[in-house]
Amino acid sequence: MIGDIVAIPWVVVLIVLPLMGGMACFLFPTISKSLGLMTALAIFTAVGGLSWQLVEEGAQRYAIGGWGASLGIDLYADGLSLLMLVMAALVGLGVSVYSSGYFSRDKANHFWPLWLFLWGALNALFLSADLFNLYVTLELLGLAAVALVALAGGRGALTSAMRYLLVSLLGSLFYLLGVVLLYHSFGSLDIAILAQRVEPSPAVWAAVGLMSVGLLLKTALFPMHFWLPAAHASAPAPVSALLSALVVKASFYILLRLWLEVFPQTNTAFSQLLGLLGAAAVLWGGLMALRQTRLKMLIAYSTVAQLGYLFLAFPLATSCAWTGMLYLLFSHALAKAAMFMAAGNILRYGGHDRIADLDQVAQRLPLTLAAFSLAGVSIMGLPPSGGFVAKWLLLEASMNSGQWWWAIVLILGGLLAAAYVFRVIGYAFTQAELPHEAGVVPARMEWTALVLAFVAILLGFISPAAFELMGIGAPFGVGCAG
Amino acid sequence: MSWDTALPLLIVVSSLIPGLIIFFLAEKQVAARITLNMLGVLVKLALAGVMLWGVFHGHHYEVRLPLLPGLDLVLRADRLSMLFVTLSTGLWFVTTVYAIGYLEDSPHRSRFFGFFSLCVTATVGLALAGNLLTFLLFYELLTLVTYPLIVHRGTEAARLAGRNYLIYTVGGGALLLLATVWLYTLTGTLEFTARGFLSGLDAVHHPALVVIFVLLIAGLGVKAALIPFHGWLPQAMVAPAPVSALLHAVAVVKAGAFGIVRVIYDVYGVEFAASLGVTLPLAILASVTIIYGSLRALFQDDLKRRLAFSTISQVSYIVLGVAVAGPMATIGGLVHLVHQGVQKITLFFCAGNLAETLGIHKISEMNGVGRRMPWTMAAFTVGAFGMIGAPPLAGFISKWYLGLGALDADQSWVLIILVGSSLLNAAYLLPILYTAWFKAPPASWPAERFFGRYETAWALLAPPVVTALLTLVLGLLAFAPFSPLEWARLITSREFTP
Amino acid sequence: MGKINYEPRIHAVNDILSAFLLISVPGLPLLLAFPALHRRLPWPGLIALLPATILLFISADIFIELPWMLLGGGLGIDSVSRWWLAMAVVTWAAVAAFLHVPGGRGACNRLATLFLLTMAGQMGAILATDMVSFFTFMTLMGYAFIGLLVADGDERVRRAGRVYLVLLIFADIALLEALLVAAASTNDLGFAVAAGAMTLSPFSVLYLSMAIAGFALKTGVWPLHVWLPLAYGSARPPVALLLWGVPVATGLFGAVRWLPLGEITAPIPGMLLQAVGAVGILYATLFGLMRAQWIQLPAYVAIIATGMFAMGLGAGLRDPSVWNQYGDSAPVFVVLVGLGLAIMVVGLAWLEASGRIPSGFRKTAGAALWLERWVAAVVRWGCWLGISILPGLRALWLVKWGRLWKTSVWQRAFNAGEHFLQRWVFAITLFLLLGMTFVVLLLLDAMSFL
């Protein structure tokens, strides 16, 4: 029995399942909700299967059709991709449950196929082993995401969807150019093969530069975050959650893969630059979040800040730093999804998300507020939470490497985060009148947000086990007890 | 999991679980809430008793859960932690009774009692923390769960006070985090060890250790309300009286002071800290805080504000005691951790009673209140004399050992601080007593309520009377076994004997 | 006499009985001080005196140790304290008979409580065999006595009470210092050992000065006498009877116990004491007796008496042999003065009642005492300073900064920055960049550099 489970090619299942589910939803819109939920559950189980497989047998390489690298399409799963898959599965399941209560019927008909396609693209991206596949999945992902943003309808949403589309295409183009350059130079796009062949040359620099710029644009690193707040804030709540938690992480994942495996000895100036931009993002995002008057905008800017943290690991470049950064990415995904869901609940209940008038809503939705607060704890990096563990590792890495200035940035970022999170929570306790008309918030929407936020907190307690999983296949070297 | 490892966990969980359940109780389920609350309290008291007995007999309670690579969440019961655990558990008991009486018929009680329980969970966790990381974890948790208690009233003033509290404490927490990480990268361990774990470190790192010490003290000093980080405390007075009591006597302020004790003893080690030359500045800072807090208290008319400034002053006794760095002074500081808690909680209960029964908030309104509420004011009198340090009350014992310790460590200047502070204590507390007992009462009180047989509700009256008695007993029977004084001596013997 | 012999010479009384008796001397008044108890008893003041009276008639020196109490203490009676105890019992009995305490619920219960507390304090102080217990009981006595003085009194009595309170606080602090110094020198704070130990201690001068200062403050030696005329002038006769017998006599008793008389030779403190005593006597005779009102006369007599006592103490300090020779007469002196003063007080009260002398206490103009002026000045000064002396790290600053940040150029800068970023300028720049890179790459490719 166990042997059977381990023998199943979970990597393929993970890609095929969502795509099939999406097709089914498209074909049978009347039962799309239940279909979607079932698919989500199935994917969740499949991720479980894959992690078992990886634990039992180590990192997996799977050649589709049995064609092997350089010609065929390879799929590769190690601890890093597993982490991303688990993240996608957790957030995806949450978003699915949440959406089943959120969307009206006609919206749902569009939402489910798109969302499952997006999930499929994500899974494929996290499992791809060559740069061109990565490009294709990235493009797919972008298109699905743009369509989802547009789902909200209305002028603002369409404008930001348009802008998002353009940015997405632009980023992909940059990336593609880099890929072409690499292929031109080395004749292969398989990551493992490239890793062996690549040696410093002007062409490689150019490729690194181009691909990085493209991916940074899509990851919305400061100052290329300009498209993100509008897009994330104007989308429907579950879509915002998806975008902030997962979609931006996809391009980051590619960047990380390149950085870790293809160009491990890139010069330090560039990594310092990335770190600087990350620091700027942390501060700028935090300050801008503080200045927002609308809740969803605040959360979106918080994403900008949190993405900045991820780039602080590049100048440090130790195993500890990578581990911490990935853990941050993970817990941020959960926490940010919970936050956007909470914001969606508030918006639905009170009909607005103006922070100054939140007191009218906040007291009637204790669960939502609890979810927001718990998520906020992780975002602030206060113990005990996944955010804290991550921050601890990053701090430790920066102190260990003697680059203490990054530690200062981390601390400052935490303080800013505390400031903007508590700006919202502070209103939960003030007395205010009931709003005249209150929308109905289904219990499952409140509970999903709470559960996701709770998982983000829980991450603070299970980090040793999580690090063990992440270390499968040693994607970023050993050490740091990870 | 054996009993020895389960006990520290159980003692933390015994208030966590009731707290979490209480959140989900409806506002009207009063009986269920009270039952749960008291159940948690009693279980915790019983467990603390068992643990105290065990630790006294040399039993070793410890539990480790992996939290970070190379770092565990450690809950360990040693003598110092038991001092704080017993204090917080015992005072939590009386405060819960008081809070039940105080918040009768007010809104949001489920939320309040939920966070109330969490607050004690954090405090006990902090007391049992076996390394700096665990300490940090509960320290930050404490910040988070006390915030809703401070803003509980929901007024604009409460919101502002809460915000200020956060600005201070989150900032302090950040400093603490930075210092902790730095320490970890230097040493690779954060385990609290008797006499510290830093003395073996290369002399090259000593300047860094001084900086870390400053960061740690600043981070902890925020909660301990050391100057210049004391600003949040008087503002936090907008909170309901049980919260003030909890804040001042049990949880927040004490957490800071306790942390400083831990840092000096179990991280740096007294002797090493003294050799780094950091204890004297700390003692001076504590002295300045003592005098300054008392001076400010002198000019407050609002009763709770006066008591708040008094706390600022009194808590620094603890810091002063450990910073003077001699065995006697340490006993004084440690024992004051308990004594100040019992006395200050009495005073705050009484202030709450006055506000709740008669609507009195200012000292100038207290004329002759002793005739209307003799029991409350009698308890207040005992607490106040304890604060001044009159024998045979608990405060005298603390002051006695602090003074002896100062002489012992050849730091006679501390005596001058003690004298000045005693004078000021008397100057700001005795007028209250005078006003309450000997001035003629007004024709009517601002907002009087009647409670049948006693001067106020029994749940409001019993706690201060009990703690006042405790003040007396702690002083009178200071040499009895299991008294805080004996316990402090035990702790100190570990730190100082060769 | 300085050495007190505590060797247990228990004749008829067995251990338990003596312990019970000794504890009940201060214990019974303490117990009866609870309103619920004394409210139900007739003559609670006299009942509370019973154990002390019994103790007086037991001729043995007995003592017990109470190691559990406070820092470890004891109670006992010897030839010295017997005198004081006798005087105290007589005084209290007289006052208890005079002081009318109505039964039943009411404001006057306070008076009874304070009366009994003061009594307990004095009894305890007299019986205490070590410094800490003595200090404890004396503190109880002091504060309770102030309550007794002030309770139900008019503004003038309250003023006297306030002044005495301030002096008392200073006194207690000085005595606590002395105690600490003693404790730092010796482990045993029993009178039998401590005084001797202090003779050898390097801190002896500090100890002496602190103890002398403390008891001087308590007893109202010149120039710290200010409260005595005020109190005698305005207290009711029963309370005025207590003035000598309780605070002053106990203070003198404390001085006898605390100072290592007959063992130490301390010429400078001794001379100082003598000088102070002499000046006090002169002052009281010249200034006080000439200008005082009738009703204040006992106060000046008391000041003279304490001055004489101080001179005696000073002589004892200068030359131990003098004390060893004449020290035994000290209690006799105190008792005699007490008797005289009692007669004076009663006589004056009678005279006043029969209208032979002007009744009441005339407040002289501008009579604010230096002490009162100082206290008032401190409070005024503190309020004038605006309460805040040190600014502290204020969250307020952050709030202010927040306001600044809302209004100033910062906001515009941030807005402009974000606006710029969100404009298409940026995206177009990127596009151009992409184009340029592309062209460069093509060129490079054409030149076959790749």
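In this predicted model, Glu191(B) and Arg64(B) form a salt bridge in which the closest N and O atoms are 2.3 Å apart. Glu191(B) lies in the loop between α6 and α7 (206-224) of chain B, whereas Arg64(B) belongs to strand β1 (residues 61-68) of chain B, so the pair ties together parts that are 127 residues apart in sequence. The two partners are accessible as follows: Glu191(B) counts as buried at 18% relative accessibility, because the cut-off for that class is under 20%, while Arg64(B) is partly exposed, with a relative accessible area of 38%.

A second salt bridge of chain B joins the side chains of Asp266(B) and Arg262(B), at 2.5 Å from N to O. These residues are separated by about one helical turn, because they are four residues apart in helix α10 (residues 252-268) of chain B. Asp266(B) counts as buried at 1% relative accessibility, and Arg262(B) counts as buried at 2%. Elsewhere, salt bridges with shared partners join Glu62(B), Arg64(B), Asp72(B), Arg76(B) and Glu191(B) into one network. Glu191(B) and Arg64(B), described above, are thus among the members of that network.

Over all chains, the count comes to 20 salt bridges. One of chain A is formed by the side chains of Arg257(A) and Asp78(A), with an N to O distance of 2.7 Å. Arg257(A) is part of helix α11 (residues 237-262) of chain A, and Asp78(A) sits in the loop between β2 (74-77) and α4 (79-102) of chain A, so this pair ties together parts that are 179 residues apart in sequence. Arg257(A) and Asp78(A) are both buried.

The three salt bridges described are listed below.

| Residue pair | N to O distance |
|---|---|
| Glu191(B) and Arg64(B) | 2.3 Å |
| Asp266(B) and Arg262(B) | 2.5 Å |
| Arg257(A) and Asp78(A) | 2.7 Å |

Disulfides were also sought, and the count over all chains is zero. Two cysteines may be noted for their accessibility: Cys25(A) is buried, with a relative accessible area of 1%, and Cys350(B) is buried, with a relative accessible area of 0%.

The interface of chain C and chain B is considered next. The size of an interface is often given as the accessible area lost when the parts come together. Between chain C and chain B the buried area is about 3800 Å², and carbon and sulfur atoms give 79% of this area. Leu70(C), Leu71(C) and Leu180(C) supply 16% of the area that chain C buries against chain B, more than any other three residues. The contact takes 45 residues from chain C and 40 residues from chain B. Zero salt bridges are found across this interface, and one residue pair is in polar contact there, with both residues at pLDDT 80 or more.

On the side of chain C that touches chain B, the elements that give two or more residues are α5 (109-127), α6 (131-150), α7 (155-185), α16 (370-384) and α17 (395-407) of chain C. Of these, α7(C) gives the largest share, 13 residues. The residues on this side of chain C divide into 33 nonpolar, six polar and six charged.

Chain C as a whole has 19 helices and two strands. Of its 450 residues, 52% count as buried. Among contacts in chain C between residues at least 6 apart in sequence, 78% join residues at least 24 apart. Phe20(C), in helix α1 (residues 15-32) of chain C, counts as exposed at 59% relative accessibility. The C-alpha atoms of Phe20(C) and Pro51(C) are separated by 9.4 Å, and these residues are 31 residues apart along the chain.

Two residues of chain B complete the account. Phe23(B), in helix α1 (residues 3-23) of chain B, is partly exposed, with a relative accessible area of 26%. Beyond its neighbours within four places in sequence, Phe23(B) is in contact with Ser110(B), Arg111(B), Gly114(B), Phe115(B) and Leu118(B). Thr185(B) is found in helix α6 (residues 156-187) of chain B. A polar atom of the side chain of Thr185(B) lies 2.6 Å from the backbone oxygen of Trp182(B). Leaving aside neighbours within four places in sequence, Thr185(B) is in contact with Glu396(A), Met399(A) and Asn400(A).

Key:
Residues numbered from 1 in each chain as written. Chains lettered and ligands numbered in written order. Predicted model: local features only at pLDDT ≥ 70, side-chain atom pairs only at ≥ 80, totals over all residues. Heavy atoms only, no water. Contact = heavy atoms within 4.5 Å. Buried area = accessible area lost by both parts, 1.4 Å probe. Salt bridge = Lys/Arg side-chain N within 4 Å of Asp/Glu carboxyl O. Polar contact = N/O pair within 3.5 Å; in protein donor to acceptor, adjacent residues only side chain to side chain. Nonpolar A, V, L, I, M, F, W, Y, C, P; charged D, E, K, R; others polar. Disulfide = S-S within 2.5 Å. Buried < 20%, exposed > 50% of the residue type's maximum accessible area, 1.4 Å probe, protein only.
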